[in-house]
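Me: I am new to this structure and would like to go through it step by step, with the reasoning behind each answer.

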Amino acid sequence: MNFPALVLLALAMSTDAFAAAIGKGAAMQKPRFLQALRIGLLFGVIEAITPLIGWFAGSVATKWVAQWDHWIAFVLLLVLGLRMIREGCSEEEEEAEAGPQKQSVLMLALTAVATSIDAMAVGVGLAFIDVNILEAALLIGLATTTMVTIGVMVGRVLGGIIGKRAEILGGVVLIGVGAAILYEHMSRVGG
């Protein structure tokens, strides 16, 4: 696999995380660039690790990952999205200090894992072709870090526009990303 193909692969792997980051950024109250970069780094590191896991798992995990990756991603994103919607609909204004401003690292990590499961399956596939897996993983991580950082900042603009209901938008985006992952897989299998 040549370098331009690896760059395209890396960008493709970062699109789910980018969409989720827009929702996360919208749910936050005016995230600063350093906050966005930290979130981007968290997503990027996780997105870089998952193809390595897939690569090492190789053919042993191929069937399991291919059969269940879309369902795992869908359920995780659905649960996270529903939680965000529930929090966005709650009437408690007193949570402003601990609420949207501070995103839970655990929730961010779960979102990152959910959007990177497809990268694990890609890692399994890369085990069977001539590719430098470390270079591929680094490019995927870099692309994801960049795209998530941009996504959080784009979400910041959206959050300012829609105000209090930004958390609901974030939840809807996460559920949409999960549904798109599920639909894409089901249409490949059915088609």
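Me: In which helix does Gly176 lie, and how far apart in space are Gly176 and Leu77, C-alpha to C-alpha?
Reply: The model is a predicted one, and in it Gly176 lies in helix H6, which covers residues 166-190. In sequence, Gly176 and Leu77 are 99 residues apart, while in space their C-alpha atoms are separated by 8.5 Å.

Me: Is Gly176 buried, partly exposed or exposed?
Reply: A residue counts as buried under 20% relative accessible area and as exposed over 50%, with partly exposed in between. The relative accessible area of Gly176 is 37%, so Gly176 is partly exposed.

Me: How many helices and how many strands are there in the protein chain?
Reply: Read from the N terminus on, the elements of the protein chain run α-α-α-α-α-α. The count for the chain is therefore six helices and zero strands.

Me: What share of the contacts in the protein chain with a separation of 6 or more comes from residues 24 or more positions apart?
Reply: The chain has 191 residues, and buried residues make up 43% of them. Among the contacts with a separation of 6 or more, the share that comes from residues 24 or more positions apart is 96%.

Me: Why do the buried residues of H1 line one face of the helix?
Reply: Helix H1 spans residues 3-13, and its buried residues are Leu6, Leu9, Ala10 and Met13. They line one face because, seen down the axis of H1, they fall within an arc of 100°. On the other side of H1, Pro4 and Leu8 are exposed. The value that accounts for the single face is thus the arc of 100°.

Me: Which residue has a side-chain oxygen that reaches the backbone nitrogen of Ala5 at the start of H1?
Reply: At the start of H1, the backbone nitrogen of Ala5 has a side-chain oxygen within 2.9 Å of it, and the residue that supplies this oxygen is Asn2.

Me: Thr144 and Val157 are found in helix H5; which of the two is buried, and which is exposed?
Reply: Thr144 has a relative accessible area of 0% and is therefore buried; beyond its neighbours within four places in sequence, Thr144 is in contact with residues including Met13, Ala17 and Phe43. Val157 contributes to a nonpolar surface patch of about 420 Å², together with Ile150, Val154, Leu158 and Ile161. Exposed means over 50% relative accessible area. The buried residue is thus Thr144, and the exposed one, at 51%, is Val157.

Note on methods:
Residues are numbered from 1 along each chain as its sequence is written. This is a predicted model: local features need pLDDT of at least 70, side-chain atom pairs count only at pLDDT 80 or more; totals for chains, interfaces and linings use all residues. Side-chain values use heavy atoms; hydrogens and water are left out. Patches are made of residues with over 30% relative accessible area and no salt bridge: like charges are joined within 9 Å, nonpolar side chains (Val, Leu, Ile, Met, Phe, Trp, Tyr) within 5 Å. Accessible areas come from the Shrake-Rupley method with a 1.4 Å probe; for residues, only the protein chains shown count as cover. A salt bridge is a side-chain nitrogen of Lys or Arg within 4 Å of a carboxyl oxygen of Asp or Glu. Buried means under 20% relative accessible area, exposed over 50%, partly exposed in between (1.4 Å probe, protein chains only). Contact means heavy atoms within 4.5 Å. Helices (H or I, at least four residues) and strands (E, at least two) are DSSP runs, numbered from the N terminus. The arc is that of the directions from the helix axis to the C-beta atoms. A polar contact is a pair of N or O atoms within 3.5 Å; within protein, one must be able to donate a hydrogen and the other to accept it, and residues adjacent in sequence count only if both atoms are side-chain atoms.
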